[in-house]
Structures are given as C-alpha cells and as structure tokens.
Amino acid sequence: MLNWIISFSLKNRALVAIGALVVMVYGAIQLREMPVDVFPDLNRPTVAIMTEARGLAPEEVEVLVTRPIEFLLNGATGVQRVRSASGIGLSIVWVEFEWGTDIFRDRQIVSEKLQLARERLPKDANPVMAPISSIMGEIMLLGLRSTADMKTPEELAAKGMELRTLGEFTLRNRLLAVEGVSQVTVMGGIFKQYQIITSPARLAAQNVTLDQLVTAAKKTNVIAGGGIIVRSPKESLLRINGQSLTLEEIENTPVLWRDPMPVRIKDVAEVRFGGPIKRGDGSVWVKLEPDVNVAVRESQPHNHAATGVAAGDHTTTKLSGGPAVMMTVQKQPNADTLVLDRKIDAVLNSLQKELPPDVIIERRIFKQADFIEAAVENVTEAVRDGAL
C-alpha cells in the first residue's frame with residue numbers, strides 16, 4: 001500500500017501539489033474560524049436553581065427550602081447528582097445531568113419538578129432557574145467608579161446610588177443585549193430605594209396604625225387601565241396613572257381623611273432615598289503612572305539600601321480609586337471568548353460616551369481574553385522557533 005502511494009504521488013506530482021495546496025488553504029480557513037477558549041466545557045450539563053427566602057437563617061433555609069427541592073429532583077430523568085448550598089435567606093441547588101444531554105431538555109425536566117416543589121415551599125419563596133452559562137464563563141470583571149471629589153458621607157451615599165442605578169439599569173441591560181452574554185451580575189454601591197421611616201410615637205400622635213400607613217404607601221404607586229371611550233368616529237384610551245416618582249409626591253399622599261384636612265404620610269413618617277442593609281461592597285483602585293523625583297518623607301531614619309529605594313531620585317506609585325460598583329460578565333456555552341470580548345468592548349466604548357463625565361468604566365481588572373491571547377502568542381512563538 002505504501003509503495004503504491006509513493007508511486008502514485010511520483011507519477012502525479014501536479015495533482016498531489018494541488019491537493020496539498022487545497023488542504024493547506026482549507027486548514028488556514030478553519031484555523032481562523034476555530035473558537036479559542038481557556039478550557040473546554042469541563043462540567044456535565046448543569047441547571048442551577050436559586051431561591052430567595054428572606055429573613056430565614058441558613059438552618060431554616062436548608063430544612064424548609066433546599067431539602068424539598070432536592071428530594072423532588074433526585075428522581076428526575078437523567079439526573080446524575082444534586083448539590084446544594086444554603087445561606088442567609090438564599091438557597092442554591094445545582095442539578096447535574098448525563099454527558100451529552102440537551103441542556104434545554106434538562107431545564108424542561110427541572111421546570112416540571114419545580115411546579116411541584118412550589119407547593120411545599122414557604123409562601124414568599126419562589127425558585128427560579130439561573131441562565132445557561134459555562135463553568136469557565138466568567139470572562140470579564142468591570143468596575144464603575146467616579147472621579148468626583150466626595151468628602152461627606154451624604155455625597156458618598158448619593159454617588160453610590162447613582163453608580164448602582166447606572167450599573168443595574170443601563171450597563172447591565174446593554175450588555176445582556178450582546179449576543180453570547182449569558183448573565184451580568186452587579187455588586188456594590190447602594191441599591192436605590194424609596195424608604196418611609198416611622199416610629200410608634202409618630203403614629204400614635206396622629207392616631208394612625210402601621211397597617212394604614214402601609215396601605216397608603218402601596219397606593220402611591222398604582223397604574224390601572226380605564227378602558228376605552230368611543231367617540232365616533234374615533235376611540236380614546238383611558239389611563240389611570242397613580243405613580244409617585246418624587247419624594248414630595250409620596251410625602252403628600254393621604255393616609256386617611258379627617259375634616260377639614262387629611263393626615264399625610266409626611267405627618268407620620270420621614271420619606272427619603274436609602275438602600276438595604278449592606279452585606280458587602282465593592283471598590284476599584286487603579287495604579288497610576290509612577291512619579292519621578294518625588295521627595296520621600298520618613299518620620300524615622302530610613303535605610304534606603306534595605307528597601308531598594310535609591311538615595312538620589314525616588315519613584316513612588318500612586319493609586320486612584322475608591323468605592324465602586326463591580327460587574328461580572330458571564331458568557332453562554334460554546335461562545336467564542338475573543339469574538340465576544342471585542343463585541344463587549346465596542347458596547348462599552350459607546351456607553352462611556354453616554355455616561356456622566358465623572359463616571360469611568362474600568363476594564364483592566366480582569367479579562368479572560370488577555371490570558372487567551374497571551375497563551376496563543378506563546379504557542380505561536382514556540383511553533384515558529386521550532387520550525388526555524
């Protein structure tokens with residue numbers, strides 16, 4: 001067989017050369033289109049279920065939420081393993097299926113089981129499936145920080161609310177619209193809330209109960225349909241808009257009527273912007289270019305040789321930053337990290353022009369594409385040197 005191949009190749013040199021050229025061109029095309037990633041998908045098809053149970057301790061979350069979900073999913077079709085974690089007010093269950101199964105069919109099986117699980121869970125617990133993402137899917141870590149000079153706690157709180165609002169409702173929505181992005185998680189800052197703060201003394205002074213105040217607060221944000229008015233030859237749509245978008249509108253909402261004047265929310269409570277109780281925060285510190293010939297002042301005699309600082313010119317490294325909003329970007333399975341990174345960069349360039357002048361999107365924190373490009377360059381250099 002080998003002799004025949006050698007004889008055929010010698011007799012048909014042109015055909016062999018053309019075939020080799022075609023294979024080389026085809027290989028080059030496939031090489032350009034081949035997706036590049038850090039690792040292949042290392043885990044089996046997995047569906048994550050997240051359930052929020054506010055106010056419950058980890059032990060109660062485990063007994064009342066996590067275990068009922070686990071018991072129902074253990075016998076589901078194709079399930080290989082069920083893992084879970086219970087925290088303060090949060091339950092996470094990971095359901096692993098057999099290799100090669102369709103993730104969308106797996107999610108359908110889990111969804112059917114969750115319909116039964118809801119009957120056994122606490123009233124306010126609502127289990128939801130997390131978006132489809134890869135185990136190595138965290139491809140980028142972004143920071144949203146402000147360069148404004150903030151000195152008072154009030155200024156820091158106001159800027160924290162602004163950054164969180166921009167990250168939660170502007171950046172996150174724009175990034176989720178990029179093809180290949182699975183999930184964007186926002187952390188840090190202050191999640192803006194309209195808070196109504198009262199006390200038993202203030203309620204008793206106006207003879208108002210807490211239930212009456214809660215009912216009035218709920219009625220400050222109501223939108224309802226009013227039907228259609230037919231006025232030949234046209235129709236008019238009725239809208240009932242009871243939204244309160246400012247603090248003043250909420251403050252002036254009546255709690256109850258007493259002749260000759262109503263008791264308003266501002267008479268029994270304080271209305272303000274605030275945030276939930278923090279259980280974490282985020283910050284970004286950026287290393288600036290070092291300054292040369294900066295005097296180094298020490299309170300005690302300093303040995304320059306021991307610290308590696310020359311006795312003449314001194315170089316110091318400055319840091320800039322502070323409280324910030326952190327955002328993690330996760331990709332969909334089988335998405336090309338390098339291509340997706342370029343798409344996200346284009347969206348961030350556009351977003352940076354729309355943000356306030358003092359708000360900066362920090363992209364140098366972590367980018368998986370940088371590690372991939374460095375690894376590819378190392379392999380290319382090794383292959384090139386080996387070929388030479």
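The exchange below goes through the fold, surface and salt bridges of a predicted model.

Student: How many helices and strands does the secondary structure of the chain come to?
Tutor: Since this is a predicted model, the count describes the model as it was computed. The chain has 388 residues, of which 30% count as buried. Its secondary structure comes to 12 helices and 17 strands.

Student: What share of the contacts with a separation of 6 or more comes from residues 24 or more positions apart?
Tutor: One example of a pair distant in sequence is leucine 166 and leucine 355, which are 189 residues apart in sequence, while their C-alpha atoms are 8.4 Å apart in space. Over the chain, among contacts with a separation of 6 or more, residues 24 or more positions apart account for 71%.

Student: Is leucine 166 buried or exposed?
Tutor: Leucine 166 lies in helix H5, which covers residues 153-176. Leaving aside residues up to four places away in sequence, leucine 166 touches Leu144, Leu171, Leu355, Pro356 and Val359. The cut-off for a buried residue is under 20% relative accessible area, and because leucine 166 has a relative accessibility of 16%, it counts as buried.

Student: Which element gives the most residues to the nonpolar patch?
Tutor: The nonpolar patch on the surface is formed by Met1, Trp4, Ile5, Phe8, Leu15 and Val16, which together have about 650 Å² of accessible area. The elements that give two or more residues to this patch are helix H1 (2-11) and helix H2 (13-33). One of the patch residues, isoleucine 5, is placed in helix H1, and with 3 residues the element that gives the most is H1.

Student: Where is glutamate 377, a member of the negative surface patch, placed?
Tutor: The negative patch is formed by Asp370, Glu373, Glu377 and Glu381. Glutamate 377 counts as exposed because its relative accessibility is 55%. Its place, within residues 368-387, is helix H12.

Student: Which residues are linked with Arg44 in a network of salt bridges?
Tutor: The structure holds 16 salt bridges, and one of them joins glutamate 96 to arginine 44, with the closest N and O atoms 2.8 Å apart. This pair links distant parts of the chain, as glutamate 96 is in strand S3 (residues 90-97) and arginine 44 is in the loop between H2 and strand S1 (46-52), 52 residues apart. Glutamate 96 counts as buried at 7% relative accessibility, whereas arginine 44, at 22%, counts as partly exposed. The network links Arg44 with Arg81, Arg83 and Glu96.

Student: How many residues apart in sequence are the parts tied together by arginine 174 and glutamate 354?
Tutor: Arginine 174 forms a salt bridge with glutamate 354, and their closest N and O atoms are 3.3 Å apart. Because arginine 174 lies in helix H5 and glutamate 354 in helix H11 (residues 337-354), the pair ties together parts whose separation in sequence is 180 residues.

Student: What is the value of phi of asparagine 207, a residue other than glycine?
Tutor: Asparagine 207 is placed in the loop between helix H6 (200-205) and helix H7 (210-218), and at 58% relative accessibility it counts as exposed. Most residues other than glycine have a negative phi. For asparagine 207, however, phi is positive, with a value near 55°.

Key. Residues numbered from 1 in each chain as written. Predicted model: local features only at pLDDT ≥ 70, side-chain atom pairs only at ≥ 80, totals over all residues. Heavy atoms only, no water. Patch = residues over 30% accessible without salt bridge, like charges linked within 9 Å, V, L, I, M, F, W, Y side chains within 5 Å. Areas by Shrake-Rupley, 256 points an atom, 1.4 Å probe, with all protein chains shown as cover. Salt bridge = Lys/Arg side-chain N within 4 Å of Asp/Glu carboxyl O. Lys, Arg positive; Asp, Glu negative; His and termini not counted. Charge placed at Lys NZ, Arg CZ, Asp CG, Glu CD. Helix = DSSP H or I, 4+ residues; strand = E, 2+ residues; numbered from the N terminus. Buried < 20%, exposed > 50% of the residue type's maximum accessible area, 1.4 Å probe, protein only. Contact = heavy atoms within 4.5 Å.
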